[in-house]
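This report introduces selected features of one structure to a reader who has not seen it before. The sequence and the coordinates are shown first.

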Amino acid sequence: MKLVCLDMENVIWPEIWPEVAKATNVPELSKTTRDYQDTNELYAMRSKFMKENKITLSTIRKVIEQMDPMEGAVDFLNELKSFAQFCILSDTFTQFIEPIRKRLDYPTIICNQLVVDENDMVIGWNMRCDETKLSTVKAFQSVGIDTICSGDSYNDLGMIQASKHGFLFNTTDEIKEKYPQIQTADTYDELLALIKEAWFA
């Protein structure tokens, strides 16, 4: 059995936090996993600036509800599910994903959970496990599922490198240069071609 595992942000959905940064006028929140290799450091920074600027969960959800999938993403997913099974592995949070799932025709999204207080303030985050994407892919593999993975950022490298087939998609020149051994795609057509070749191999 095979399963395609996709990152979410900057693969099929735009990065959420840069949009939050624009809406709240807090530029520090624009940083993402492309900027931080240590996700705990990234989340700590976000928590600090959300607290200082009194940014609530409701504020973030309103931003997400106004976002659209990346151009071509829905067609890409429709084509993908015509020949393969897939899931989305994301380091986002359950409190964010319902508007996203609706716009993407309700795919499976495996993610994490925020800790929110009685004032709707984010006060922490619960990661499902260490190295969530890599750990999930290894769990799939442990029960006989071959994974085909794709993502764009540092936090996707583990699952990409642990899979028999793994691809960078829409990534930065810096990451391409650091990991030249990983095949890359810059368009959905290119990514579909790579996935199809791996799926039917």
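Just after helix α1, Asn25 adopts a positive phi of about 60°. The model is predicted, with local features requiring pLDDT of at least 70 and side-chain atom pairs pLDDT 80 or more, while totals for chains, interfaces and linings use all residues. Residues are numbered from 1 along each chain as its sequence is written, and side-chain values use heavy atoms, leaving out hydrogens and water. Helices (H or I, at least four residues) and strands (E, at least two) are DSSP runs, numbered from the N terminus.

Helix α1 spans residues 16-24, and its buried residues (under 20% relative accessible area, 1.4 Å probe, protein chains only) are Ile16, Trp17, Val20 and Ala21. Because they cover an arc of only 135° around the axis, taken from the directions from the helix axis to the C-beta atoms, they lie on the same side of α1. Lys22 and Ala23, on the other side of α1, are exposed (over 50%). Among the elements covering the buried residues of α1, by contact (heavy atoms within 4.5 Å), are α2, α3, β2 and α5.

In strand β6 (residues 165-169), four of the five residues are buried. Two strands pair if DSSP finds at least two bridges between them; the pairings of β6 are as follows.

| Partner of β6 | Sense | Bridges | Bridge partners |
|---|---|---|---|
| β5 (residues 146-151) | parallel | four | Gly151 and Leu168 |
| β7 (residues 183-185) | parallel | three | Phe167 and Gln183 |

From β5, the chain passes through helix α7 (residues 157-162) to β6 in a right-handed β-α-β crossover (with the strands pointing away from the viewer, the path from the first strand over the helix to the second runs clockwise). A right-handed β-α-β unit is also formed by β6, helix α8 (residues 173-178) and β7.
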